[in-house]
Structure formats: C-alpha cells, structure tokens
Amino acid sequence: MVHVGGRLTPPIAEPHCHLDAALLGARAPNRSGTLREGIRNWAALRSELTAEDVTARAIETAEMYAARGTLRIRTHVDTGSRVAVEALVALKPELLRRGIELQVVAFPQEGILRAPGRRAAWEAAIDAGCDVVGAIPHFERTTEEGWESVRLAFALAEERGLPVDLHCDETDDPQCRNLEVVCAQALDRGMAGLVVAGHCTALHSAPEPYAAKVMELVAEAGVMVVANPLDNIVLQGRYDGYPRRRGVTRVDQLWAAGATVGIGHDSVQDPWYRLGTACMLDPAWMLVHVGHLTSEADMIKVFETLHGANHGPWGGPDLLYEEGRARLLWWEDADPVEILRTRKGPAVVERGL
Ligand code: FE2
C-alpha cells in the first residue's frame, strides 16, 4: 500500500498514567470532583482488587493507547496494593508481545511516612520488580516529612540503580517547596535525565521570583517536568472562588528556561477523572488551551512533544525503522495543528512486530 502525503512520526510515549486505577471511575463516582475524594474512593476500591481485574483493565487500557498511537507507557502503581504491583510487573512481557513497552513506577499513593507500614510496602514494590522509584511529597504530613520522602526516594533509587518519578507538588499551595529539593537531589547525586517530576501545579501559584529560581534549577538539574492538564484543570482550583486558578504547571516558562516538559494523560476513566480516552492528543489539545500555547510554533511544539520529549523516560524517541522492523505512525494530515484540531489519531500504527 502506498500512501502519498500526510506525516510520519515515531510512536507516541505516555510518561504518566495509572493503569491500576484505569476504567474504575464508574464503580465509585467522584461526587465532589476533588483530588481528595478521588484518593478516598480509590482507597476503598483498592482493597477489593484482584490480579485478574487489574490485568484485564490494564490490557484493555494499554490497547486503547496503542490503537491511538501510543506504544510506550509509564504507569504508576499504588504500592498500597501488593496485588496491583505484582499484576502490573507481571504484565510487562505480555504487553511487549503486543508491541507496547511498559515501565512501572512504585508510587506510594498515601505517602511513605504518613503511617506505619507504608515505607515497607513501597520498598517491597521495588523488590517485586518495579522499574522506577516514586513518591508523593506534598501528601506527607509535614513540609519536613515531604522533603525527607524526596531524599528517601533518591537514596533508594541510587542504591538500586533506578530512575525517580515523583508526583510533585500537585497542589495549589504556593508555599509547597518539594520541586527545589528534587532538583537539589538530582544535582547532588548526578541523576540528570533520570528524574521526572509530575504535575508541579504549585508552580502555577508560586510567587514570580521563586518560580523563576526554581525553573532555572529544573533546567540545570536535567529534571523532566510532566504536565497532566486533563486532571489538573479540573482537580486544581477547587478551593478558589473567582477568579479561579488553572493550576496547570508553567509550560511556556519552563520551555523558556530550557527545561524539558512532557505531557501525560494521567487518568483513563478512573476515580479522579472519568473522561479519559487514552488518546494522547486529548491532553495535548487541553494543554494548548489552558497553557496559552496557541501560537503556531507552540502548537507544533506541543504535538512534537508527544513523540519527542515524552520519550525522555526511555532515553529518547522510539525508532522509525530498523532491520525490517518499523515502529511508526502515519497521519493523514501533514499539519500538526490540524492533527490537534481534529484529534482523529494516526491512520496507521506500526507496532514493530
Ligand atoms: Fe498521577
């Protein structure tokens, strides 16, 4: 078959999602629409998980991603569920057989230091085969304990030779100061290129002089920031009257500072956000709106992020063609702005099988 025109790109990478919670939103609707109710609802569902259920939903979701052009997925898994940890780690070979590369982050959804046993479960998830060390410093009890959880994550990662990927400062609190600690740790331990800070929504509300300082530090430390605009445009700003903050991190200014920014989908019909489709054009489309990225150059950069910077956790973009194996996408529209406008997805997805 010969196609004329259109656009060829590498496959898309998804740097931030939660396959353990995907497709569960209808089982426990988030009635307040808040992050905290999402966490509570998930905690209730988590206690009833079975390996079969986690595996079936993860495969269904991964296939939704792949059909829409995403062949690399980094999922966080809640280390509060040993069942989910083992199911997702065990799923990696099966997904690879389908042409989908999976990385699993040991994510302590309810903190490492908040209660006895949580640190042990988090460490056990690394022992069970997770690829990446996670943390959630803004959810720890105190500022000091948040910083301590960041240091613990880096120490564990360095000891095991693993990268780090944190849910970092997913709050509207302008006083939240974990991102600077993440950068300092990355610099001190020489982990440039091995660290992802997800969300970073506090940066949206930080005072200008502080935001400028920390964004410079992010670039210097080689920390990749992943914005998750679908979730954060609805989960942030919930304590605001009007004007109501958007809560999505400062993508334009991070770019200007020289930092690497990725775009995550985050939730695919889970207790936090019911509307996910696993089409990465959706968070890209949302980001151009809420991030004021509607200049021609910015829209193109947003689209290219999906198959460019989003591959940061894998060390760079996927191959297009090698030794008879093609992993690529073909889009009917050559124009990235049209691709974002229609969000039709690629017409051809070659999985390299
Ligand atoms: Fe997340």
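A crossing of two helices counts as right-handed if the near helix is turned clockwise from the far one by less than a right angle. Keep that handy for the first exercise; the model here is a predicted one.

**Exercise 1.** Work out how α11 and α12 pack: what are the angle, the direction and the handedness?

*Solution.*
- Start with the helices themselves: α11 covers residues 281-290 and α12 covers residues 296-307.
- Their axes are 10 Å apart, at an angle of about 155 degrees.
- Angles over 145 degrees count as roughly antiparallel, so that's what α11 is relative to α12.
- As for handedness, α11 and α12 cross in a right-handed way.
- Now look at who touches whom: from α11 come L281, A284, L287 and V288, and they meet M299, V302, F303 and L306 of α12.
- Sort that contact by class and you get eight nonpolar residues, with no polar and no charged ones.

**Exercise 2.** Find the residues that coordinate the iron ion, then decide why the arrangement is called irregular.

*Solution.*
- Three histidines donate through NE2, namely H16, H18 and H167, and D266 joins in through OD.
- The coordination distances run from 2.1 to 2.6 Å.
- Along the chain, the donors are spaced H-x1-H-x148-H-x98-D.
- For a tetrahedral call, all angles would have to lie between 85 and 135 degrees.
- Here the four donor atoms subtend angles of 83 to 177 degrees, so the arrangement is irregular.

**Exercise 3.** Track down two backbone oddities, at P243 and H199.

*Solution.*
- Y242 and P243 are joined by a cis peptide bond, with omega about -5 degrees.
- P243 sits in the loop between α9 (229-235) and α10 (251-257).
- H199, not a glycine, has a positive phi near 80 degrees.
- You'll find H199 in strand β7, residues 195-199.

Note on methods
Residues are numbered from 1 along each chain as its sequence is written. This is a predicted model: local features need pLDDT of at least 70, side-chain atom pairs count only at pLDDT 80 or more; totals for chains, interfaces and linings use all residues. Side-chain values use heavy atoms; hydrogens and water are left out. Axes are lines fitted to C-alpha atoms, for helices over the stretch in contact, and angles run from 0 to 180 degrees between N-to-C directions. Helices (H or I, at least four residues) and strands (E, at least two) are DSSP runs, numbered from the N terminus. Angles under 35 degrees count as roughly parallel, over 145 as roughly antiparallel, 65 to 115 as roughly perpendicular and the rest as oblique. Contact means heavy atoms within 4.5 Å. Ala, Val, Leu, Ile, Met, Phe, Trp, Tyr, Cys and Pro count as nonpolar, Asp, Glu, Lys and Arg as charged, and the others, Gly among them, as polar. Donors are N, O and S atoms within 2.8 Å of the metal (3.2 Å for Na, K and Ca); water is not among the atoms, so sites may look incomplete. Four donors count as tetrahedral if all angles lie between 85 and 135 degrees; four count as square planar and six as octahedral if opposite donors are over 155 degrees apart and all others between 65 and 115; anything else is irregular.
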